[in-house]
Amino acid sequence: MSIRRLLTAAAALATVVVIAAALGLDIDVRIATANAGDGPEEWSPTAPFPQREVYYPGTEALADDEMRVTACGTGMPQPRLKQAAACFLVELGNGDKFIFDMGAGSAERLAALGIPLDQLNRVFLGHLHIDHAGDFPAFYFTGPVNNRLTPMRVWGPSGVRPEWGTKVWVEKMLEMWAWEKAGRGSAVDPRGLELEVNEFDWTAVNAVIYQENGVTIRTLPAIHLDQSVSFVLEWKGLRFAFSSDTLPNKWWRAYTNDVDLAIHECFIPPDYMMARYGMTPSEAVYVGTQGHTAAQAFGKIMSLTKPRHAVCYHFQNDFDTAPAVLSEIRKTYDGPLDLAQDFMVWNVTKKHIRTRMGVPNHESYPAPPQRVKYPPDSMKAYKWTQFSLSGVEPESAAVTNKLIEEFNKRNGTDIKPGITGLPFRDEQ
Ligand SMILES: [Zn+2]
Ligand SMILES: [Zn+2]
């Protein structure tokens, strides 16, 4: 660019910025530059070029009136690399974060966002199917080794029978993983394994189940083999509705009108389920239209409730299924719509709703601890049997002990080998 052109461009840009400032407009200077009428501009080879249509987790602060929703699972019970089972993360401008459903495979999606686990300790389960709750045990039990130092809190529905409800489900989970908790659980800061269970009446209609820090979450009954619920979160005038699994129902219709973001399940047509899953015709029709919401029925309930933005999930969203689902929905709904995929992200304010795809970190490590760690004495916390202790191979143990000695020298520590130091250690 010649000096004269540069000066002209600078003058044009200055004019735009001054006019914008006078009008109180928040104009992006880079866009103003591009539109200054002085031809295309070559981008600096050293300045970052803004990738506007993707979201890089961990790079954007939320405005204090903004909600960000990230799809961490949009698929089915059938495992696949592309889509984990149901899970949506809601982050609010006040710093609060909420996980809705935690289907199998979703914990790794959450981890890929790089959020400290102390900030991810509120989980709301719409029902206790594996594809909506299957990763909760993994997320809970591995929390402390991923630096969670605050108690986990979980909300879920009661059961038609008490033993089918969330409270007993959690009790049995703890029993089932008793050895995990006794062994690995004894080698970590115990605070991360504290657990608060909040079971609520699955038939309650629009009842408040959470109210803290300006955030209200209500439950709606869902029609999905009983004891299933949907949720509506409200904060600063923004409303987010999540169906979990349900047929379109009268409670959703009555209480989700005009929500800002409605995420509702929706299935591929039964013909696809026969072809792809090997289902019989009656299986496909039952699962695809009675146990779940058919795409046309999804469109209908969205037309009736008119969310600002509708999102359908719970199907394999591929090059061939997406057009089929879309054309079915468009027979009954012509409003704003996304067909969810894992890592789709919605930024919601009163003014705008923006959809982008997130770019997750495939090689994530846990975020650092948010509080001072107090690890227990893991060498003594778990009582090893004499059988295992007697099996340590002595020459390899000597190598390991030397390694610990060198570690101590490097780090100024005084850690004693526990198991490999057996020949020299005190009797427990
Ligand atoms: Zn289900
Ligand atoms: Zn499901």
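**Figure 1. Confidence across the predicted model**. The mean pLDDT of the protein is 90. Residues that reach 70 or more make up 89% of the protein.

**Figure 2. Overall content of the protein**. The secondary structure comprises 15 helices and 16 strands. Of the 428 residues, 33% count as buried. Taking contacts between residues at least 6 apart in sequence, 64% of them join residues at least 24 apart.

**Figure 3. Helix α11, residues 295-305**. The buried residues in this helix are Ala 295, Phe 298, Gly 299, Ile 301, Met 302 and Thr 305. Seen down the axis of α11, these buried residues fall within an arc of 165°, so they line one face of the helix.

**Figure 4. Surroundings of α11**. The buried residues of α11 are covered by elements that include two helices, α8 (250-255) and α12 (321-329). Strands β12 (261-265) and β13 (309-313) are also part of this cover. After α11 comes Lys 306, which has a positive phi, near 50°.

**Figure 5. The N-terminal segment, residues 1-35**. Throughout residues 1-35, pLDDT stays under 50. For this segment the model has 21 contacts beyond four places in sequence. Where pLDDT is low, the predicted coordinates should not be read in detail.

**Figure 6. The C-terminal segment, residues 424-428**. Over residues 424-428, pLDDT again stays under 50. The model has three contacts beyond four places in sequence for this segment.

Notes:
Residues numbered from 1 in each chain as written. Chains lettered and ligands numbered in written order. Predicted model: local features only at pLDDT ≥ 70, side-chain atom pairs only at ≥ 80, totals over all residues. Buried ≥ 20, exposed ≤ 12 C-beta atoms within 10 Å, placed from the backbone. Helix = DSSP H or I, 4+ residues; strand = E, 2+ residues; numbered from the N terminus. Arc of directions from axis to C-beta. Contact = placed C-beta atoms within 7 Å. pLDDT = per-residue confidence, 0-100.
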